[in-house]
Amino acid sequence: MSSLISELNPEQFEAVTLPHQSALVLAGAGSGKTRVLTTRIAYLIQSGQVSPHGILAVTFTNKAAKEMLIRIASMLPIDTRGMWVGTFHGLCNRMLRAHHQDAGLPQAFQILDSADQLAVIKRLLKVLDADDEKFPPRQVQWFINNAKEEGLRASQVEIYDDFARKMVEFYLFYEQQCNKEGVVDFAELLLRSYELLTRNEHLREHYRGRFDHILVDEFQDTNRLQYKWLKLLAGNRAAVFAVGDDDQSIYAFRGANTGNMKDFERDFHISKIIKLEQNYRSHGNILDAANTLIRNNSGRLGKNLWTSEGHGEPIRVYNAPTDFDEASFIVDEVKSLRAEGVVLSQIALLYRSNAQSRVLEHALFNASLAYRVYGGMRFFERQEIKHALAYLRLMANPEDDNALLRIINFPVRGIGMRSLEQLQDEAKRQGGSLWAAMQQKYGNDAAFIPNSGDQAPIRLESNQRLDKPRKGVEGFAVLIESMRQVCEKLPLPEAVEHMLEHSGLVAHYRAEREGADRLENLNELINAATGFVHEAEDDSLTAFLSHASLEAGEHQAGSGQDALQLMTVHSAKGLEFHSVFLSGLEEGLFPHDNSRNEAGGVEEERRLMYVALTRARRRLYLSFAQSRMLHGQTRYNIPSRFLHEIPDSLLKWLQPMQKATIRNEDWGRGRQGSGRVIQEPGVQARTSNIRDSTASQWRIGQNVMHAKFGAGVIVNCEGHGADARVEVRFGRIGTKWLLLEYAKLTPA
DNA sequence: TGTATGTTAGTTTTT
DNA sequence: CTAACATACA
């Protein structure tokens, strides 16, 4: 026991050993948040205050949940598999599976991921003959999810105009369709579970009696519904231990509600907030930069990171003429870092939006530096995997129209629009699923399924193709039903293999020119099933399908080789690196243009910046480019306001290497007025102070100052003499056309 | 039914 | 500029 808690600092110790009461722990970046959370769980169990059974710990990502379980297992000699540790969605799924009848769901209900959900909505809008100009499917999806995350059913949504009326109508149809098919989307998992506990007093009391301690990770990311769910589950008995950091709330755009922290204080009568402010990750300068920056936000709960380590190196800032130069600067620095002995996997290249990775990748590729981009297509989202899963889903739950439509003619088996329309009409007439309509049309199971009942299972040798004798819709129905019968009796991996072979998927991709990768992925699906059977408590097909929906899998097969890490700032949250390059620090990019109009948008961007800064342990580079190719156009941006929010004393402005291509413009020096130009070996001073004022004082890309609007950059020029006008992009105001004769512009 | 061309949008993302 | 999506055509 003492070994568990002996190495904690006083605040961590207090948090870990808190008696049975609800608490809010404000855990700064790198302050040992996960450690506190898992150590508390171990402490509670080891000290006999609670059994593993009485704990519920919830996180947002599968990765975090897995990490938590691993750490608990390393501290305690217990089997963690039965513990209620998981994501909100995972735990809700678990609850709904256990009480599917009470929740009004079929036993094998399937989970729709976002893409599936969108497909259902598109289908529905088509059936309703909705104008997809006025009602884009994505917006309908957004509306429905938003409503659900507010805890509202279609019948409960307030209708304030015709548009909302239409949206609610779609929502209602969508609800009915999902119920008919026995499918639930992500938000539905939460909402169903919430409603189940609300309505069913018996169950509510059961779970309230069971969970003495509820622990919540990344509490600042909870949405309204998740908060209500927690509150409902906790009742007035459980101790809720919420850990979070309001300064790292970067998901408001998807419903995260920082207000939950303040509500939590009130609703759970939190008398004292424990703050973890000692940072074990970064050197002082980095923390000072982050602290100063975030102080510009209002309504913070308040927190200041500190370290017992020294100041460390200054933060390096680089002002590049173009995005291309910025990339090559990064490449050069990475090379010298590597020469100093920093491994590539400890270096991160961060950017605000994915589009920015392109120019970086290009430069890295040319320099033959190994890199890995995060955030691409994930395993269970791949087309071929989606197809395979659709077969499995249809076998598990034939009412799943979405799955059926995906594969009824894939691989092609001669089912065209006409047969499909007939089927859909029939389904509409019956008010049932497509599968049901199929049976109606082609007779019931017994009539068209060979070898059903108690006879020996169909023998499926590789030379015997089931889909050969019967074509079209009937053939498809026979195929699915016979595969279902066979797979029922097989262990999961073999069932998957059987399906892959007999569905024709393998043959299809084998015939395809570019199908090798897809075949490999299909093979990997069998491996995934094998792995799942070994790890999971429940190794049924339904459980595997839930797993596939809830856990889309690692982004890419980690090649394992040492490589640079490229990712958005969002995906870097929770990670740390020896060295971090943050590129594209420009107004319009970071903070992003689209955030400027949103309420609290810039503050969220600032929190994002805060997250970015605090990823670095030892060395931090900030860079921006004066011109950048975006959407096929060259954009001229001014440096990000965030750069100006970091004290000069922490920064070291690097100078570009002198190259033959350097243009004689006013780049290559530090921020105006800073006067802090520090030379370092290998880096030369700015090219020249001499400006050719006669030729073109005002040129595109020129930085200027305006008395009223402040710093800007010229993005366009036209006219001559008294008519001469320039278009200037200012940070906050946007772009303006100014007559040179009147606007008092000065070069900056 | 698949290809070919045109159109349009283009933050962040986990479940 | 590109990639994804949609509509048009063979």
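Pro-591 is found in the loop between strand β13 (577-582) and helix α27 (593-596), and the peptide bond that joins Phe-590 to Pro-591 is cis, with omega at about 10°. This description, like everything that follows, concerns a predicted model. A second cis peptide bond runs from Phe-410 to Pro-411, where omega is near -5°, and Pro-411 likewise has its place in a loop, the one between α17 and α18. Such bonds deserve a remark because most peptide bonds are trans.

## The chain as a whole

Chain A has 748 residues, of which 53% count as buried, and its secondary structure comes to 30 helices and 21 strands. Among the contacts in chain A with a separation of 6 or more, 75% are accounted for by residues 24 or more positions apart.

## Two residues with positive phi

Most residues other than glycine have a negative phi. Glu-218 has a phi near 45°, a positive value in a residue that is not glycine, and this residue is found in the loop between β6 (213-216) and α11. His-269, which is not a glycine either, has a positive phi of about 50° and is found in the loop between α12 (259-267) and β8 (273-276). Are Glu-218 and His-269 buried or exposed? Glu-218 has a relative accessible area of 17% and is therefore buried, since the cut-off lies at 20%, whereas His-269, with a relative accessible area of 70%, is exposed because its value is over 50%.

## The nonpolar cores

The largest nonpolar core has 62 residues, and those with the most contacts inside it are Leu-56, Ile-214, Trp-229 and Phe-264. Helix α11 (residues 224-234) supplies the largest share of this core, namely seven residues. Separate from it is a second core of 47 residues, which includes Ala-388, Ile-415, Val-473 and Cys-487.

Which residues does Trp-229 touch, if residues up to four places away in sequence are not counted? Its partners are Leu-56, Phe-88, Leu-91, Cys-92, Met-95, Leu-190, Ser-193, Tyr-194 and Leu-197. Trp-229 has a relative accessible area of 0%, so it is buried.

## Aromatic rings and charges over rings

A search of the whole structure finds 20 aromatic pairs. One of them is formed by Phe-88 and Trp-229 and is edge-to-face, with 5.8 Å from centre to centre and 70° between the planes. This pair links distant parts of the chain, since Phe-88 belongs to helix α5 (residues 88-98) and Trp-229 to helix α11, with their positions 141 residues apart. Phe-88, at 1% relative accessibility, counts as buried, as does its partner Trp-229 at 0%.

Why is the pair of Phe-379 and Phe-380 classed as edge-to-face? The ring centres of Phe-379 and Phe-380 are 5.1 Å apart and the planes stand at 75°, which is over the 60 degrees that this class requires, and so the pair is edge-to-face. Phe-379 is buried, with a relative accessible area of 13%, and Phe-380 also counts as buried, at 6% relative accessibility. Elsewhere, ring pairs link Phe-219, Tyr-227, Phe-264 and Phe-268 into a cluster; Phe-264 has already been named among the residues with the most contacts inside the largest nonpolar core.

Rings also take part in arrangements with charged side chains, and the table gives two cases in which the charged end of an arginine sits over a ring.

| Charged residue | Ring | Distance from the ring centre |
|---|---|---|
| Arg-97 | Phe-109 | 3.6 Å |
| Arg-254 | Tyr-251 | 3.7 Å |

## The second largest pocket

The second largest pocket has a volume of about 1,100 Å³. It is lined by 33 residues, and the closest of these to its centre are Arg-123, Leu-124, Val-127, Leu-405 and Gln-424. Which elements give two or more residues to this lining? They are α6 (114-127), α8 (162-181), α16 (383-396), α17 (401-407) and α18 (417-430). Of the lining of the second largest pocket, the largest share, eight residues, comes from α6. Two of the contributing elements, α17 and α18, are also those on either side of the loop that holds Pro-411, the residue that follows Phe-410 across a cis peptide bond.

Notes
Residues numbered from 1 in each chain as written. Chains lettered and ligands numbered in written order. Predicted model: local features only at pLDDT ≥ 70, side-chain atom pairs only at ≥ 80, totals over all residues. Heavy atoms only, no water. Core = buried A, V, L, I, M, F, W, Y, C linked by side-chain atoms within 4.5 Å. Buried < 20%, exposed > 50% of the residue type's maximum accessible area, 1.4 Å probe, protein only. Helix = DSSP H or I, 4+ residues; strand = E, 2+ residues; numbered from the N terminus. Contact = heavy atoms within 4.5 Å. Phe/Tyr/Trp six-rings, centres within 6.5 Å; stacked < 30°, edge-to-face > 60°. Lys NZ or Arg CZ within 6 Å of the ring centre and 35° of its normal. 1 Å grid on protein atoms, 1.4 Å probe; cavity = no way out; pocket = protein on both sides within 12 Å on 5 of 7 lines; lining within 4 Å. Points joined across faces, edges and corners; volume = space filled by probe spheres on them.
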